[in-house]
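Subject: Structure for your review

Hello,

The structure is pasted below, and my notes on it follow. Please read them with the coordinates open.

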Amino acid sequence: MALLFYPETAGDEKRIQDRVRAIAEKHLRPFAIEDDQQCRFRRNAFEALAVEGLASVVTPKAYGGLGLPYACYYTAMSEIARASMSMAVTVGVNNLPQGALLAYGSEEQKKKYIPPLCNGKAIGAFSLSEPGSGSDAASLRTQAVAKADGYVLNGTKCWCSTAGYADLYLVMARTAEHKTGGITAFIVAKDTPGLRFGKQESKLGLAASPLGELIFEDCFVPTAQRIGGEGQGLGVALSQLDSGRIVIAAVSIGLAEEALNRLWGSLQNFTPDGTDKNLFAEFYARLQALKSLLQVAARGKDEGTPVTTLAAQLKLLASDLAMEVTSHALSALGPQGVCVKSEMERLFRDAKALQIVEGTNQIQKLVLVREMDKAFK
Amino acid sequence: MMRNLNIERITISGISLGVASATLKYSKHYVQERRQFDKPLSEFQATQQKIAEMATDLEAGRALTYNAAKAYDRGERDMSLGAKAKLFTAQMATRAGLEGIQLLGGYGYTREYPVERYMRDAKLMEIGAGTNEIMRLIIARQELEL
């Protein structure tokens, strides 16, 4: 991810990239196949990244982060994804409660919850979805009933990454009837009485990134753990959406690059009959274009300009690219591609998730159509 | 041996048809049941487009496969028919699988639902009995008389 557009951050990006690569060589790459097959989450690898500040690249130094520009964050995510998409998910998700706390938390909440999410002592998670509420996030039904000094939560959340392993959960629950204005955000610790973890999902890919249910049964959460005001919860969740989508683009770019790199490496040793390298030229062109667009988005995040459209465009195009590249690469490698040792089959399985998470690509298109209605009237 | 390879490819086409057909069936069932934004997914145009493409793709693959099978029965020597049928149907079944998962969203990605397995099986049809790349080579040789 060499930086051409904004040379002032290039040094930091290079440094970040080198650090991630060193950690990945030691803690991620050697175990990627085994962890995938055994669905094993590697906490020590997360800690190794966090100790170097890589779990909180953009978080201000005052709260324990590196305080670097977004370009550095996206570079880090792209590099982590090259070695382990599962770990990239964990790290990306760990940034969501940090971002929400920075945007909506009180000074006291920031000081209490952000530093452990930066230094690896705690892992953060984000819980919005429910069995009946996916793309239509605002239809969530988990209840938070106000009592003296706090709220009592009841309901089941699902699709929560790092569920059961994470220590702090940003949970969106309903405090009033109003669909979008009746949702409130809370930070809930893992060991809170009344919170337990339901089934872990067995899935096509991202096998080393746990995904599971949070079950709240009369779970008391003090008012001090409410993030933002009552009814602001959807805003809290959505505030992390743009950056979350750009992260998915960054990891998709990393995955596509890794796949091309591995494919070319294999073709040097043995080129099966009929292999057409030209097929991949277009992917390479798209990859370079998306890297440039990613830099523009990073700059927008730094400057605080709206990036909603750009984030949707990036997420859509980059995840589709990762899927197409890995799908064609798998076929091009032939039988050696599908055996687990080639790792291409894992990249292919992991890629599919990227078209679904952080808003399915159908949802990204809805966002873009809305923008086009404004832009082309 | 060449005749055996041809029937093997037509067989793979048949398997691909079955996998794609199962994918379409499950996907249709799901989008009619699952509701978001107060209506079934089947009422969203984006869903309808995907289902329409999958169904058309499947129909085309079916025609191609049966055409190749009939030619084989008649003892025709055109080896490219089986290759064309396999190339098209294996890719079609994979596309259907990937789009089926997409229609099911997060549920499609889990092993609790069958679509991700259909997709993995379909993908193998692009590789076994000669990869897509080999099929293209066979077809090109026939078409260009190389």
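Helices, as the word is used here, are DSSP runs of H or I with at least four residues, numbered from the N terminus. By that rule α3(B) ends just before Gly105(B), whose phi is positive, near 60 degrees.

Please bear in mind that this is a predicted model. The predictor gives the complex an ipTM of 0.93 and a pTM of 0.95. For chain B the average pLDDT is 95, and 99% of the residues score at least 70.

Chain B

Chain B contains 6 helices and 2 strands, arranged along the sequence as α-β-β-α-α-α-α-α. Its C-alpha atoms fill a box of roughly 55 × 25 × 25 Å along the principal axes. Of its 146 residues, 49% count as buried. Taking contacts in chain B between residues at least 6 apart in sequence, 74% join residues at least 24 apart.

Helix α3(B) has 25 residues, and its first and last C-alpha atoms are 36 Å apart, close to the 36 Å expected at 1.5 Å a residue. Because 23 of those 25 residues are buried, α3(B) is largely enclosed by the rest of the structure.

One partner of this helix is α6(B). Helix α3 (residues 80-104) and helix α6 (residues 132-144) of chain B pack at an angle of about 145 degrees, and their axes are 9 Å apart. The crossing of α3(B) and α6(B) is left-handed. On the α3(B) side the contact includes Ala83(B), Leu87(B) and Ala90(B), along with Lys84(B) and Lys86(B). On the α6(B) side, the residues include Met135(B), Ile138(B) and Ile139(B), as well as Arg136(B). By class, the residues of this contact between α3(B) and α6(B) divide into 6 nonpolar, 4 polar and 3 charged.

Ahead of α6(B), the loop that connects it with α5 (115-125) holds Ala129(B). Phi of Ala129(B) is positive, near 55 degrees, in a residue other than glycine. Ala129(B) has 20 C-beta neighbours inside 10 Å and therefore counts as buried.

Chain A

A similar entry for chain A is Thr162(A), in the loop between β3 (150-161) and β4 (168-174). Thr162(A) is not a glycine, yet its phi is positive, about 65 degrees. With 24 C-beta neighbours inside 10 Å, Thr162(A) counts as buried.

Helix α9 (residues 278-303) of chain A has 26 residues and should span 38 Å at 1.5 Å a residue; its end C-alpha atoms are 39 Å apart, which agrees. Among its buried residues are Phe280(A), Phe283(A), Leu287(A), Leu290(A) and Leu294(A), and also Lys291(A) and Lys301(A). The buried residues of α9(A) pack against α4 (70-83), α8 (241-269) and α10 of chain A. After α9(A) comes Gly304(A), with a positive phi near 75 degrees.

The interface

How many residues of chain A are in contact with chain B? There are 28, and they meet 23 residues of chain B. On the chain A side, α10 (308-333), α11 (335-338), α12 (344-354) and α13 (361-375) each supply at least two residues. The largest share, 5 residues, comes from α10(A). By class, the side of chain A that touches chain B has 10 nonpolar, 11 polar and 7 charged residues.

Regards

Technical notes: Residues numbered from 1 in each chain as written. Chains lettered and ligands numbered in written order. Predicted model: local features only at pLDDT ≥ 70, side-chain atom pairs only at ≥ 80, totals over all residues. Contact = placed C-beta atoms within 7 Å. Nonpolar A, V, L, I, M, F, W, Y, C, P; charged D, E, K, R; others polar. Axes fitted to C-alpha atoms, helices over the stretch in contact; angles between N-to-C directions. Left-handed = near helix turned anticlockwise from the far one by under 90°. Expected span 1.5 Å × (residues − 1). Buried ≥ 20, exposed ≤ 12 C-beta atoms within 10 Å, placed from the backbone. pLDDT = per-residue confidence, 0-100.
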